[in-house]
Amino acid sequence: DFIFVCSPGAMAAAAASATDSSAPSASPVAFIITGFGKFSGVAANPTTVIVELMQERMPSIRGGVIEHLEVLEVSVDGVNERLVDIRGKVAQLIDDGRTVVIVHMGVGSQNTNFNLEQQAFNVMNFRCPDERGFQPLRAHIEENQSVGKARFSTLPLQRVAQELRDVGHSVAATDDAGSFLCNYVYYRSLCTVCITHPHKCHALFLH
């Protein structure tokens, strides 16, 4: 329904309010928003529908502007290919004086509400092959770090979740992005994009 479609935009607005650059005198926060395509057991990914509807309607975001919307292939190689382009977009936006928030979205088949994931883990432990046939087990994402190392969003997601609950959304701040592509893209964004631009680039994952 309409509330379901618009809730990611509302969450992004709350994330904007949590950054210093969302002040009225600052340049609007730049949002990069991604969903995922199909994968084993999920022939029609709802985050694909959300991205497509946002592309059609381009919702307004308090204190921010959506600069890029994209549906990612559910594969390690596909995500890596697209993150190269996303890193370039982030660097250009930061050079232009913008703060960037990357919002990744994925389906949580057991979820009864929206979950803002606070962390991602350095592990690939795929329950099924990705869309290019890759199925790692207990493997590193970041090879020079221990398996299972956590990296955390720099956004105050507990506060963001509370702000959204206050206006009627069913949202929780949680700590498990899984061990498939949702966790993979989140960890890669945190360890390659955000860490390169501390205080200017933030990421969150929405299940």
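Rings of Phe, Tyr and Trp count as a pair if their centres lie within 6.5 Å; planes over 60 degrees apart make the pair edge-to-face. The model used in these exercises is predicted.

**Exercise 1. Aromatic pairs**

Find how many aromatic pairs the structure holds, and classify the pair F126 and F134.

Solution.
- The structure holds 4 aromatic pairs.
- The ring centres of F126 and F134 are 6.3 Å apart, and their planes stand at 75 degrees, so this pair is edge-to-face.
- Now check burial. F126 has 1% relative accessibility, so F126 is buried. F134 has a relative accessible area of 38%, so F134 is partly exposed.
- Take the pair F126 and F180. Its centres are 4.8 Å apart, with 85 degrees between the planes: edge-to-face.
- F126 sits in the loop between β5 (119-121) and β6 (150-152), while F180 sits in the loop between β7 (171-174) and α5, so the pair ties together parts 54 residues apart in sequence.
- Both F126 and F180 are buried.
- Ring pairs link F39, F126, F134 and F180 into a cluster.

**Exercise 2. Helix α2**

Test whether the span of helix α2 agrees with its number of residues.

Solution.
- Helix α2 covers residues 46-57, which is 12 residues.
- At 1.5 Å a residue, the expected span is 16 Å; the end C-alpha atoms are 16 Å apart, so the two agree.
- Next, list the buried residues of α2: T47, T48, I50, V51, L53 and M54.
- Look just past the helix. M58 takes a positive phi of about 40 degrees.

**Exercise 3. The residue N45**

Decide whether N45 is buried or exposed, and find what it contacts.

Solution.
- N45 lies in the loop between β1 (29-36) and α2.
- Its relative accessibility is 3%, so N45 counts as buried.
- Set aside neighbours within four places in sequence. N45 then contacts F36, G37, K38, F39 and V107.
- A polar atom of the N45 side chain lies 3.4 Å from the backbone oxygen of F36.

**Exercise 4. Cysteines**

Explain why C194 and C201 are not bonded.

Solution.
- A disulfide needs sulfur atoms within 2.5 Å.
- The closest cysteine sulfur to that of C194 is in C201, 3.8 Å away, which is too far for a bond.
- The structure holds 0 disulfides.
- C194 is buried, at 8% relative accessibility. C182 is buried too, with a relative accessible area of 13%.

**Exercise 5. The core**

Name the residues with the most contacts inside the largest nonpolar core.

Solution.
- This core has 59 residues; those with the most contacts inside it are F36, V90, V100, I102, L181, Y186 and L204.
- Helix α5 (residues 181-194) gives the most to this core: 10 residues.

Conventions:
Residues numbered from 1 in each chain as written. Predicted model: local features only at pLDDT ≥ 70, side-chain atom pairs only at ≥ 80, totals over all residues. Heavy atoms only, no water. Helix = DSSP H or I, 4+ residues; strand = E, 2+ residues; numbered from the N terminus. Expected span 1.5 Å × (residues − 1). Buried < 20%, exposed > 50% of the residue type's maximum accessible area, 1.4 Å probe, protein only. Polar contact = N/O pair within 3.5 Å; in protein donor to acceptor, adjacent residues only side chain to side chain. Contact = heavy atoms within 4.5 Å. Core = buried A, V, L, I, M, F, W, Y, C linked by side-chain atoms within 4.5 Å. Phe/Tyr/Trp six-rings, centres within 6.5 Å; stacked < 30°, edge-to-face > 60°.
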